[in-house]
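Colleague: I would like to learn how to read a protein model, one feature after another. Where should we begin?

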Amino acid sequence: MPSESQPYADGRQPDQDRPPVADRLDDDHFPAYTMGRAAELVGATPAFLRALGEARLVTPTRSDGGHRRYSRHQLRLAARARELVDQGTPVDAACRIVSLEDQLERAERTNEELRRQGADPVHGHR
């Protein structure tokens with residue numbers, strides 16, 4: 001478990017008053033998985049996860065002891081990269097593709113939120 005000075009996997013800083021455990025369990029960006037467990041869940045090796053870190057697709061949080069911790073969101077990105085690599089895509093290219101897919105998904109979610117709020121997604125007003 002990260003210390004209060006460790007950021008979440010996406011760079012956010014935890015508040016002084018930590019959210020209840022139930023909220024952390026629901027947080028896709030909470031760094032809950034050790035490298036060994038993350039590798040097992042993704043169906044990859046720890047070396048593959050380290051390669052994704054070197055390619056900057058995922059940046060795991062470090063525990064007080066320096067161990068890598070991954071979030072569910074990072075595991076989904078790693079699993080998608082593994083699919084592409086298994087299909088013959090080089091790791092660096094797979095990481096770029098997954099990164100762009102993730103950016104597109106976030107932009108689509110933002111646009112959908114703006115539509116629900118009645119705002120123009122391009123110009124930011126009604």
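Modeller: Begin with a definition: two strands pair if DSSP finds at least two bridges between them. Keep in mind that this is a predicted model.

Colleague: In what order do the strands of the open sheet stand, and in which sense do they pair?

Modeller: In general, strands of a sheet pair through backbone hydrogen bonds, and the pairing is either parallel or antiparallel. Here the open sheet has 3 strands in the order E1-E3-E2, and the pairing is antiparallel. Strand E1 (33-34) and strand E2 (61-62) each have a single partner strand and stand at the edges, so each has one side without a neighbour in the sheet.

Colleague: How many bridges join E1 and E3?

Modeller: E1 pairs with strand E3, residues 68-70, over 2 bridges in the antiparallel sense. In the sequence view, find Thr-34 and then Arg-69 in E3; the two stand opposite each other.

Colleague: How many helices and strands does the whole protein chain have?

Modeller: The protein chain has 5 helices and 3 strands. Read along the sequence, they follow the pattern α-β-α-α-β-β-α-α.

Colleague: Which strands does helix H4 lie across?

Modeller: Helix H4, residues 72-86, lies across E1 and E3. The angle between H4 and E3 is about 85°.

Colleague: At what angle do the axes of H3 and H4 cross?

Modeller: The axis of helix H3 (residues 46-54) crosses that of H4 at roughly 100°, and the two axes come within 11 Å. Angles of 65 to 115 degrees count as roughly perpendicular, and H3 and H4 are therefore roughly perpendicular to each other.

Colleague: Which residues of H3 and H4 meet?

Modeller: From H3 there are Phe-48, Leu-49 and Leu-52; they meet Ala-78, Ala-81, Arg-82 and Val-85 of H4. Sorted by class, this contact has 6 nonpolar residues, 1 charged residue and no polar ones.

Colleague: Next, burial. Is Ser-71 buried or exposed?

Modeller: The idea is a cut-off: buried means under 20% relative accessible area, and exposed means over 50%. Ser-71 has a relative accessible area of 0%, so Ser-71 is buried. Its place is the loop between E3 and H4. A polar atom of the Ser-71 side chain lies 3.4 Å from the backbone oxygen of Asp-28.

Colleague: How much of the protein chain counts as buried?

Modeller: Of its 126 residues, 30% count as buried.

Colleague: Why does Arg-69 count as buried?

Modeller: Arg-69 counts as buried because its relative accessibility is 15%. You met Arg-69 in strand E3. Arg-69 also shows how to compare sequence and space: Arg-69 and Met-35 are 34 residues apart in sequence, and their C-alpha atoms are 6.3 Å apart.

Colleague: What share of the contacts between residues at least 6 apart in sequence joins residues at least 24 apart?

Modeller: In the protein chain, 51% of those contacts do.

Colleague: Now the loop between H3 and E2. Is Pro-60, which lies there, buried or exposed?

Modeller: Pro-60 is buried, with a relative accessible area of 16%. Pro-60 touches Arg-68, Arg-69, Tyr-70 and Gln-74, leaving aside residues up to four places away in sequence. The C-alpha atoms of Pro-60 and Arg-50 are separated by 9.4 Å, and these residues are 10 apart along the chain.

Colleague: Is Arg-56 buried or exposed?

Modeller: Arg-56 is exposed, with a relative accessible area of 74%. Arg-56 also lies in the loop between H3 and E2. Look at its backbone too: phi of Arg-56 is near 65°, a positive value in a residue other than glycine.

Colleague: One last residue. Which residues does Leu-84 touch, not counting those up to four places away in sequence?

Modeller: Leu-84 touches Thr-89, Ala-94, Ile-97 and Val-98. Leu-84 lies in helix H4 and counts as buried at 6% relative accessibility. Between the C-alpha atoms of Leu-84 and Cys-95, which are 11 residues apart along the chain, the separation is 8.9 Å.

Note on methods:
Residues numbered from 1 in each chain as written. Predicted model: local features only at pLDDT ≥ 70, side-chain atom pairs only at ≥ 80, totals over all residues. Heavy atoms only, no water. Helix = DSSP H or I, 4+ residues; strand = E, 2+ residues; numbered from the N terminus. Contact = heavy atoms within 4.5 Å. Axes fitted to C-alpha atoms, helices over the stretch in contact; angles between N-to-C directions. Parallel < 35°, antiparallel > 145°, perpendicular 65-115°, else oblique. Nonpolar A, V, L, I, M, F, W, Y, C, P; charged D, E, K, R; others polar. Buried < 20%, exposed > 50% of the residue type's maximum accessible area, 1.4 Å probe, protein only. Polar contact = N/O pair within 3.5 Å; in protein donor to acceptor, adjacent residues only side chain to side chain.
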